Amino acid sequence: MDHRIAHSLSTFGTITLEGLNAKAAMLERLDNKYIVPADRLLPAFTAFADHFDVLEIAGKKSFVYATEYHDDAAAQSYFDHHQGRRKRCKVRVRTYVDAGFSYLEVKFKDLRNVTVKKRLKLDNTASVLSSEALAFIDKCHTDMYGTPLGRRLKPVIMMSYARITLVAKDGGERMTIDTNLTFQTDTLERRTAPDHFILETKSARGNGLADSILRSQHMHPTKQCSKFCVGMAALGMVERHNRFLPALRKLQVFQQPLLQREPLSAAA
């Protein structure tokens, strides 16, 4: 992480995970995403510190997330996003590396365009989803859209990044700040530009205090900034990705090398 950003966190008040969940769990919310280079993010931090606390756990304020996304052989989840379909979902296993636990997460858009996230805590992070996990996915999909997902899922990409979480002092709003994004398959790896950040504001109406601060500093949301979809394009997993080109360009993804990795099976 950029050392200037890390240093600026010392100016924030802190909040515990329990405090965050009490003030702003935000499992249903409207999101805005911004792609911001470090030199433009720093001035905004001064304003953020007056209105937000930073999540701190065991003395740490930045945490590593590892996420495995699942899709079917036709990349239906990806193309539902690419085509802007109202009914769509993403399935992922997210591991909170520093805390040592994992959740199966299913994300939807409802008819109001609100993000709805359902979670199931997992006992392990095996790539093959258990029967319990598959039943949970189908139930969530049925509850949201009236039918089970009905697709055979498999892991398609992994990603990791460092995340800072800010929580509004008055509650009801939070913001995540992600950097050092790395996308991987079994044999390929590509990163985003190291001095760029993805900010995601989460509020009930999609126009919170953080959005106002960013707007006042002439920063505006980047449409179609799904990390899953950016990663699929970055690794060449899909041929069509024009919907995500603005995000790919801002993150300077294709300016970073596409690296070959030793297959895990060969390394074992």
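I am counting a residue as buried when its relative accessible area is under 20%. The model I have open is a predicted one, and these entries keep to what I looked up in it.

**Entry 1: Ser-226**

I began with Ser-226, which I found in the loop between helix H6 (209-216) and helix H7 (227-234). Is Ser-226 buried or exposed? Its relative accessible area is 7%, so I wrote Ser-226 down as buried, that value being under 20%.

I then looked up what surrounds this serine, and, leaving aside residues up to four places away in sequence, I noted that Ser-226 touches Lys-33 and Lys-90. Lys-33 lies 193 residues from Ser-226 along the chain, yet the C-alpha atoms of the two are separated by 8.8 Å. With Lys-90 I could be more specific, since a polar contact of 3.4 Å joins its side chain to that of Ser-226. I also noted that a polar atom of the Ser-226 side chain lies 3.3 Å from the backbone nitrogen of Phe-228.

**Entry 2: Lys-227 and Asp-178**

Moving on to Lys-227, I found that its side chain meets that of Asp-178 in a salt bridge, at 3.2 Å from N to O. This pair links distant parts of the chain, with Asp-178 in strand E9 (residues 173-184) and Lys-227 in helix H7, 49 residues apart. I checked the exposure of each partner: Asp-178 counts as buried at 1% relative accessibility, and Lys-227 counts as buried at 6%.

**Entry 3: the other salt bridges**

How many salt bridges does a search of the whole structure find? I recorded 15, and I looked at further examples among them.

Asp-72 forms a salt bridge with Arg-151, with the closest N and O atoms 3.1 Å apart. I placed Asp-72 in the loop between strand E4 (63-71) and helix H4 (76-82), and Arg-151 in the loop between helix H5 (131-145) and strand E8, so far as the chain goes 79 residues apart. Asp-72 is buried, with a relative accessible area of 11%, whereas Arg-151, at 24%, counts as partly exposed.

Glu-105 forms a salt bridge with Lys-117, and here the closest N and O atoms are 4.0 Å apart. Glu-105 sits in strand E6 (residues 101-109) and Lys-117 in strand E7 (residues 115-122), 12 residues apart, and I noted both Glu-105 and Lys-117 as buried. Following shared partners, I found that salt bridges join Arg-92, Arg-94, Glu-105, Lys-117 and Arg-119 into one network.

**Entry 4: Thr-95**

I looked up Thr-95 next and placed it in strand E5 (residues 89-96). Its relative accessible area is 19%, and because the cut-off for buried is under 20%, I have entered Thr-95 as buried. The side chain of Thr-95 is joined to that of Ser-102 by a polar contact of 2.8 Å.

**Entry 5: strand pairing around E3**

Which strands pair with E3, and in which sense? Strand E1 (residues 13-15) pairs with strand E3 (residues 52-55) in the parallel sense over three bridges, and within that pairing I noted Leu-55 as the bridge partner of Ile-15. Strand E8 (residues 154-168) pairs with E3 in the antiparallel sense, again over three bridges, and I found Phe-52 standing opposite Ala-168 in E8.

Methods
Residues are numbered from 1 along each chain as its sequence is written. This is a predicted model: local features need pLDDT of at least 70, side-chain atom pairs count only at pLDDT 80 or more; totals for chains, interfaces and linings use all residues. Side-chain values use heavy atoms; hydrogens and water are left out. Helices (H or I, at least four residues) and strands (E, at least two) are DSSP runs, numbered from the N terminus. Buried means under 20% relative accessible area, exposed over 50%, partly exposed in between (1.4 Å probe, protein chains only). Contact means heavy atoms within 4.5 Å. A polar contact is a pair of N or O atoms within 3.5 Å; within protein, one must be able to donate a hydrogen and the other to accept it, and residues adjacent in sequence count only if both atoms are side-chain atoms. Two strands pair if DSSP finds at least two bridges between them.
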